[in-house]
Amino acid sequence: MPLDQLDRPLRNLRVSVTDRCNLRCSYCMPEQDYVWLPREDILHFEEIEQLVDLFLDLGVDKVRLTGGEPLLRRNLPDLVSRLARRARLTDLALTTNGVLLAQQAALLHDAGLHRITVSLDTLQPDRFRQLARYDELPRVLEGIASAAPFFPGLKIDTVVIRGVNDDELVAMLEFGRHWEAEVRFIEYMDVGGATHWSMDRVLPAAEMLATIERHFGPITAIDEHSSAPASRYRLSNGVIFGIISSTTQPFCRTCDRSRLTADGMWYLCLYANEGLDLRQALRGGASIEEIRILLQSRWEARNDRGAERRLESGHRTSLIPLDTLRRDPHLEMHTRGG
Ligand code: SAM
Ligand code: SF4
Ligand code: SF4
């Protein structure tokens with residue numbers, strides 16, 4: 001299994017299946033309009049399968065389907081069933097905003113999907129509309145209710161923004177408990193696309209823990225050796241939750257993830273400015289063996305630690321200016337897949 005310059009293996013691949021989305025979350029897509037990837041560039045399912053097989057050869061055993069909103073991709077359960085046939089893939093997961101989940105949960109389960117994470121930042125309808133620009137909270141709640149029986153251990157990811165939804169940590173934990181879902185609070189990140197980001201809107205993990213402790217009493221950190229981004233904690237009532245502190249305590253040292261965009265660009269870091277065009281390689285007639293060698297050599301040269309570098313840089317403003325994002329939509333979080 002190839003290791004990168006910091007001795008990190010490649011285990012996780014996030015596969016974005018579309019750059020389109022049916023929400024406009026303020027921390028991800030705050031602008032009025034966007035430049036979309038050309039439709040003819042979007043990888044076909046066969047191409048995604050070919051690339052996933054190459055990544056499995058390199059050591060990947062976890063794939064997460066994402067987007068944009070992955071449930072907008074036509075026939076997604078078909079892609080899931082194709083990927084689920086691969087025995088080497090021990091974890092096949094999906095991250096969704098949940099809007100279309102009620103109608104697809106059973107199909108995705110039957111297709112062989114292992115796990116689902118639903119992104120949900122508020123339980124208040126008015127706030128949801130302000131945060132995501134569409135009045136879709138009822139459908140997201142319906143989606144979670146439909147998916148929970150099919151996907152035990154459902155996860156709920158909540159981006160916490162100071163002054164916006166930082167008063168809902170307790171309510172989210174109670175909500176998660178109701179559905180036996182593990183809530184993970186995510187620090188607001190200065191990724192591409194987050195053009196409204198500023199450090200004073202970030203609620204650091206330490207403050208989240210203090211708020212939760214004030215309400216629920218002592219919190220126990222769960223000691224585990226894992227490359228997963230979330231630090232996990234247990235409340236005295238047994239509820240387990242996570243915090244992803246990418247902004248104030250990044251975890252690049254154990255990062256075994258890379259990202260494939262819907263049009264086949266491969267990024268070795270969420271913050272990377274440049275990727276490798278695998279669509280061009282595939283469609284341009286490179287042999288599978290040539291692409292395998294290319295992937296391996298790129299991974300072995302990897303020394304990315306984007307979030308740590310951002311932290312070290314001290315003075316932080318939003319990462320990428322709007323006009324640069326318009327010129328290269330690959331820099332957007334909704335294209336990278338989060
Ligand atoms: N549309 C799907 C969803 O929202 O779950 C999948 C794609 S979305 C880009 C993946 C994840 O990225 C979501 O959980 C979202 O909350 C997270 N995300 C997007 N922008 C972020 C930011 N500025 N800081 C932290 N997380 C962010
Ligand atoms: Fe929100 Fe996900 Fe859409 Fe971004 S891609 S706007 S996080 S639903
Ligand atoms: Fe991995 Fe880059 Fe995120 Fe660090 S910033 S955890 S290296 S993807």
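This briefing describes the surroundings of three ligands and the packing of three helix pairs in a predicted model. Because the model is predicted, local features need pLDDT of at least 70 and side-chain atom pairs count only at pLDDT 80 or more, whereas totals for chains, interfaces and linings use all residues. Residues are numbered from 1 along each chain as its sequence is written, chains are lettered from A and ligands numbered from 1 in the order in which they are written, and side-chain values use heavy atoms, with hydrogens and water left out.

**Ligand 1**

- Ligand 1 is surrounded by 20 residues, of which the closest are Tyr27, Gly68, Thr95, Ser119 and Met189; a residue counts as near if one of its heavy atoms lies within 4 Å of the molecule.
- A nitrogen atom of ligand 1 lies 2.9 Å from a polar backbone atom of tyrosine 27, and a nitrogen atom of the ligand is likewise 2.9 Å from a polar backbone atom of glycine 68.
- In the side chain of serine 119, an N or O atom is 2.6 Å from an oxygen atom of ligand 1; a polar contact is a pair of N or O atoms within 3.5 Å.
- Of the 550 Å² of accessible area that ligand 1 has on its own, the protein covers 94%, with areas taken from the Shrake-Rupley method with a 1.4 Å probe.
- Strand E3 (91–96) and strand E6 (182–187) are the elements that give two or more residues to this shell, where strands (E, at least two residues) and helices (H or I, at least four) are DSSP runs numbered from the N terminus.
- The shell around ligand 1 holds 9 nonpolar, 9 polar and 2 charged residues; Ala, Val, Leu, Ile, Met, Phe, Trp, Tyr, Cys and Pro count as nonpolar, Asp, Glu, Lys and Arg as charged, and the others, Gly among them, as polar.

**Ligands 2 and 3**

- Around ligand 2 stand Cys21, Leu23, Cys25, Tyr27, Cys28, Met29, Gly68, Asn97 and His334, a shell with 6 nonpolar, 3 polar and no charged residues.
- Ligand 3 has 13 residues around it, the closest being Cys252, Cys255, Cys269, Leu270 and Ala307, and the elements giving two or more residues to its shell are strand E10 (257–260) and helix H10 (306–312).
- By class, the shell of ligand 3 comprises 7 nonpolar, 1 polar and 5 charged residues.

**Helix packing**

- Helix H6 (residues 169–178) and helix H7 (residues 205–216) have axes that come within 9 Å and cross at roughly 70°, with angles running from 0 to 180 degrees between N-to-C directions.
- H6 and H7 are therefore roughly perpendicular to each other (65 to 115 degrees), and their crossing is right-handed.
- Helix H1 (residues 45–58) packs against helix H2 (residues 76–84) at an angle of about 30°, with the axes 11 Å apart, which makes H1 roughly parallel to H2 (under 35 degrees).
- The axes of helix H3 (residues 101–111) and helix H5 (residues 137–147) come within 8 Å and cross at roughly 20°, so H3 is roughly parallel to H5.

Definitions and conventions. A polar contact is a pair of N or O atoms within 3.5 Å; within protein, one must be able to donate a hydrogen and the other to accept it, and residues adjacent in sequence count only if both atoms are side-chain atoms. Angles under 35 degrees count as roughly parallel, over 145 as roughly antiparallel, 65 to 115 as roughly perpendicular and the rest as oblique. A crossing is left-handed if the near helix is turned anticlockwise from the far one by less than a right angle, and right-handed if clockwise.
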